[in-house]
Amino acid sequence: MIGRKKDFGIRHRGSHPEGWARGNTTLKRVLAPVLQHSAMLGPRLSVGTTSAVLILVLSALPPVRLFAQGDLDRLALRFASMTAVTGLEQAMVDSLRALFPGSTRDHVGNVTLTLGQGSPKRLFTCPLDEVGYVVGNILPDGFLLLRRVGGGGAGRTASPLFDQQLEGHRVTVFGARGAVPGVVAVKSTHLTRGRGAPGTPDPVFTVDNAYVDLGASSAAEVQGLGVAVLAPVSLAKRPQLYGERLLAAPVAGRRAACAALAAAVQAKPKVKGTVVVAFTVQSLYTSNAGLASVKALLGPFDDIKTAALPARYADTAVETVALADADRLVREILQWMEGR
């Protein structure tokens with residue numbers, strides 16, 4: 001029986017970053033009486049007695065495999081620096097293949113890794129792709145025109161303001177010879193002001209207004225940079241850590257969720273039965289082709305879960321996720337993999 005697909009993540013937290021940043025204090029509360037007792041005047045616990053009490057206290061807590069917080073932060077930053085426009089995720093897929101020896105890439109482009117053996121057979125997924133752009137045309141004067149890709153599947157539709165983030169901002173064009181930096185031009189205020197009817201606002205910026213400047217003065221120079229029509233384009237990725245381990249970057253929520261799944265795999269869990277880990281592509285198409293491919297090739301599965309994390313300012317350049325939530329997601333994934 002194929003299990004019902006559902007999001008697996010922390011969804012009960014408040015929406016304010018300060019609320020996200022509060023860590024789990026269970027261990028501190030349990031250990032506080034022990035530490036307080038050992039610090040009081042009068043009879044004290046000996047080193048051996050204290051150690052024994054600590055062992056008893058820790059053994060009463062649910063066993064959780066260890067993973068380094070710093071490793072998770074590095075993975076989240078690394079993933080948030082990558083670009084995987086829907087249908088053009090190859091570069092990120094190649095990075096994940098190198099990160100997980102023994103993983104495979106199917107004909108659609110998913111990265112899959114099988115842990116354990118036997119029953120039950122379960123699937124844990126994380127979608128890699130993001131709404132982005134491709135080069136729609138190269139003009140004779142060297143400017144690029146864009147077309148948006150993705151946003152039509154998994155119940156997601158790009159915000160009407162999504163394209164406006166491009167205006168005047170840096171972008172990266174991924175050509176055959178590597179990443180090429182560019183910037184989206186801004187209309188001249190002096191040449192366009194007052195062209196509309198009196199009292200009417202200026203037209204809203206859309207993707208059709210986006211002219212990308214790579215510093216080239218001709219189409220031939222653009223082609224010399226390795227850039228062709230359908231090359232993927234995204235806002236320049238400059239992930240920032242701030243506050244209490246808050247990560248801001250485009251699609252930070254998806255990237256941190258995938259980093260949590262990667263950290264759980266690297267913790268080498270003692271898997272119950274068989275767990276297939278899949279980093280899927282093309283999830284933003286209506287057909288969700290990546291997940292469909294995994295289910296057809298490696299299923300049926302008794303249970304299917306998807307890594308997800310709450311995020312603020314979704315679908316913006318400063319989408320923000322709390323890495324404390326990612327810590328908890330790692331622990332939940334490990335418990336699920338080990339059948340606890």
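**Figure 1. The disulfide of C126 and C258.** Buried here means under 20% relative accessible area, and C126, with a relative accessible area of 1%, is buried. The model is a predicted one, and a search of the whole structure turns up one disulfide. Its partners are C126 and C258, with their sulfur atoms 2.1 Å apart. The pair links distant parts of the chain: C126 belongs to strand β4 (residues 121-127) and C258 to helix α8, 132 residues apart. About the S-S bond the angle is -100 degrees, and the link of C126 and C258 is left-handed. C258 has 0% relative accessibility, so C258 counts as buried too.

**Figure 2. Helix α8 and what follows.** This close-up takes in the helix that carries C258. Helix α8 covers residues 252-266, 15 residues in total. At 1.5 Å a residue, α8 should span 21 Å, and its end C-alpha atoms are indeed 21 Å apart, so the two values agree. The helix is mostly covered, with 14 of its 15 residues buried. After α8 comes K268, which has a positive phi, near 55 degrees.

**Figure 3. E338 reaching K270.** Here we look at the segment after α10 (323-337), where E338 is found. The side chain of E338 reaches the backbone nitrogen of K270, at 3.0 Å. E338 has 14% relative accessibility, so E338 counts as buried.

**Figure 4. F100 and F279, a stacked pair.** Searching the whole structure gives four aromatic pairs. One of them is F100 with F279: the rings sit 5.7 Å centre to centre with 15 degrees between the planes, and the pair is stacked. F100 lies in the loop between α5 (90-99) and β2 (104-105), while F279 lies in strand β13 (residues 274-280), so the pair ties together parts that are 179 residues apart in sequence. Are these two residues buried or exposed? F100 counts as buried because its relative accessibility is 6%, and F279 counts as buried because its value is 2%.

**Figure 5. F124 and W336, an edge-to-face pair.** The ring centres of F124 and W336 are 5.1 Å apart and the planes stand at 80 degrees, so this pair is edge-to-face. F124 lies in strand β4 and W336 in helix α10, so the pair ties together parts that are 212 residues apart in sequence. Strand β4 is also where C126 of the disulfide sits. F124 is buried, with a relative accessible area of 0%, and W336 is buried as well, with a relative accessible area of 10%.

**Figure 6. Confidence along the chain, and the stretches below 50.** The chain averages a pLDDT of 81, and 75% of the residues score at least 70. Over residues 1-7, though, pLDDT is below 50, and this stretch has 20 contacts in the model beyond near neighbours in sequence. Residues 10-66 also stay under 50 in pLDDT. For residues 10-66 the model has 55 contacts beyond four places in sequence.

Definitions and conventions: Residues are numbered from 1 along each chain as its sequence is written. Side-chain values use heavy atoms; hydrogens and water are left out. pLDDT is the predictor's confidence in each residue, from 0 to 100. Contact means heavy atoms within 4.5 Å. Helices (H or I, at least four residues) and strands (E, at least two) are DSSP runs, numbered from the N terminus. The expected span of a helix is 1.5 Å times one less than its number of residues. Buried means under 20% relative accessible area, exposed over 50%, partly exposed in between (1.4 Å probe, protein chains only). A polar contact is a pair of N or O atoms within 3.5 Å; within protein, one must be able to donate a hydrogen and the other to accept it, and residues adjacent in sequence count only if both atoms are side-chain atoms. A disulfide is a pair of cysteine sulfur atoms within 2.5 Å. Rings of Phe, Tyr and Trp (its six-membered ring) pair if their centres lie within 6.5 Å; planes under 30 degrees apart count as stacked, over 60 as edge-to-face and the rest as tilted.
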